[in-house]
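Dear colleague,

Please find below the structure that I am handing over to you. My notes on what was found in it follow directly after.

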Amino acid sequence: MLTEKRLTIPTLLRTFWRKIGVTWFLTLIETALLALIPLFIGFAIDGLLRSETDELLNLGSVLIALVIFSVIRRVYDTRVYGTIRVELGQELTARSSELPVSKLNARLNMGRELANFLEEEVPQVMTSVVQLVISLLVLYSFHPTLSFLALGAAVSMILIYAVFHRRFYKLNADINKQTEKQVGILTARKPRGIFAHLTRLRRIEVKLSDTESLVYGLIYVLLLGFVVFNLWFASTAIENTAGTIFSIVSYSWEFVQTAVVLPITLQGWSRLSEITQRINSAE
């Protein structure tokens, strides 16, 4: 299926679009149900304070539906992306047969990351986008200021990541280049060479980790400030019920949790871009 095609994310999407489409459809349903839970909890709180149970039953129905669709999606996903990994591995092995075993082994593992990205990170992005949109709409329905502040925080977060994009790409390239040498180094069985290889990997990973810590530290400071402001604003500047305040705080925190997925995905895409270029190279 993948013969004579460049091995990229778009290629996999075109080749397996029917199967992947089903997984994405199930993901969207699961995401929509998940995003509605804080709102239904708020309704249930207000209903119980009025000694009414209808809203609580509605919440229970949403939770049951969420469990059913979550189980179905995970069972189906495992089979679909397992098939993609097999096809991708066979094609990568066939077209890289002239490479040294060390490089071929490394590239097989790298190639699997394309399927991993589709199975793990793309659904997370879909979930994040849907939940971000719902969070913005719900917050806007309570007060426009809450929504505009959330949107500003999201844009600022992406700009913070953009500053470090090139560094992430370079460090991932360094890791992949060193990993391609690993089998050859181990085959030589020279303690000094193995020590130098592992030390080199450690040095690059430390640089990558330090960069991640700085980026996500800045992002979390920004997003947590947003949550604190929304809590203050909902409690002092708006006349609301206990359930409404809970919903505002819940959707503000949900916005934080889902917004963080975006820079994580961008970082994964930086790594995947380097891998795609590497596995499609004959060298």
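Phe-229 and Phe-233 are separated by about one helical turn, because they stand 4 residues apart in helix H7 (residues 191–236). Helices here are DSSP runs of H or I with at least four residues, strands are runs of E with at least two, and both are numbered from the N terminus. This is a predicted model, in which local features need pLDDT of at least 70 and side-chain atom pairs count only at pLDDT 80 or more, while totals for chains, interfaces and linings use all residues. Residues are numbered from 1 along each chain as its sequence is written, and side-chain values use heavy atoms, with hydrogens and water left out.

The two phenylalanines differ in burial class: Phe-229 is partly exposed, with a relative accessible area of 30%, whereas Phe-233 is buried, at 11%. For these classes, buried means under 20% relative accessible area, exposed means over 50%, and partly exposed lies in between, with a 1.4 Å probe and protein chains only. Trp-232 and Phe-233 form a tilted aromatic pair, with 6.3 Å from centre to centre and 55° between the planes. Rings of Phe, Tyr and Trp (its six-membered ring) pair if their centres lie within 6.5 Å; planes under 30 degrees apart count as stacked, over 60 as edge-to-face and the rest as tilted. By this rule the count comes to 8 aromatic pairs. One of them joins Phe-229 and Phe-233, which are stacked at 5.7 Å centre to centre with 25° between the planes. Ring pairs thus link Phe-229, Trp-232 and Phe-233 into a cluster.

Helix H7 also holds Ile-219. Is Ile-219 buried or exposed? Ile-219 has a relative accessible area of 0% and is therefore buried. Leaving out residues up to four places away in sequence, Ile-219 touches Met-157, Ile-160 and Pro-263, where contact means heavy atoms within 4.5 Å. Ile-219 and Ala-154 are 65 residues apart in sequence, yet their C-alpha atoms are 9.4 Å apart in space.

The next topic is a pair of helices. Helix H5 (residues 144–179) packs against helix H9 (residues 261–279) at an angle of about 35°, and their axes are 9 Å apart. Axes are lines fitted to C-alpha atoms, for helices over the stretch in contact, and angles run from 0 to 180 degrees between N-to-C directions. The crossing of H5 and H9 is right-handed, a term used if the near helix is turned clockwise from the far one by less than a right angle, with anticlockwise giving a left-handed crossing. Residues that make the contact include Met-157, Tyr-169, Asn-172 and Asn-176 of H5, and Pro-263, Ser-270 and Glu-274 of H9. By class, this contact has 10 nonpolar, 7 polar and 4 charged residues. Here Ala, Val, Leu, Ile, Met, Phe, Trp, Tyr, Cys and Pro count as nonpolar, Asp, Glu, Lys and Arg as charged, and the others, Gly among them, as polar.

Within helix H9, Glu-274 deserves a separate note. Glu-274 counts as buried because its relative accessibility is 6%. Its side chain makes a polar contact of 2.6 Å with the side chain of Asn-176. A polar contact is a pair of N or O atoms within 3.5 Å; within protein, one must be able to donate a hydrogen and the other to accept it, and residues adjacent in sequence count only if both atoms are side-chain atoms. Not counting residues up to four places away in sequence, Glu-274 touches Tyr-169, Asn-172, Ala-173 and Asn-176.

A second glutamate, Glu-55, is found in helix H3 (residues 54–95). Glu-55 counts as buried, because its relative accessibility is 18%. A polar contact of 3.4 Å joins the side chains of Glu-55 and Arg-50.

Two loop residues should also be mentioned. Ser-51 lies in the loop between helix H2 (17–49) and H3, and has a positive phi of about 65° although it is not a glycine. Arg-189, in the loop between helix H6 (182–188) and H7, has a positive phi near 55° and is likewise a residue other than glycine. Ser-51 is exposed, at 69% relative accessible area, and Arg-189 counts as exposed at 69%.

Finally, the chain as a whole has 9 helices and 0 strands. Of its 283 residues, 44% count as buried. The C-alpha atoms fill a box of roughly 75 × 40 × 30 Å, taken along the principal axes.

Yours sincerely
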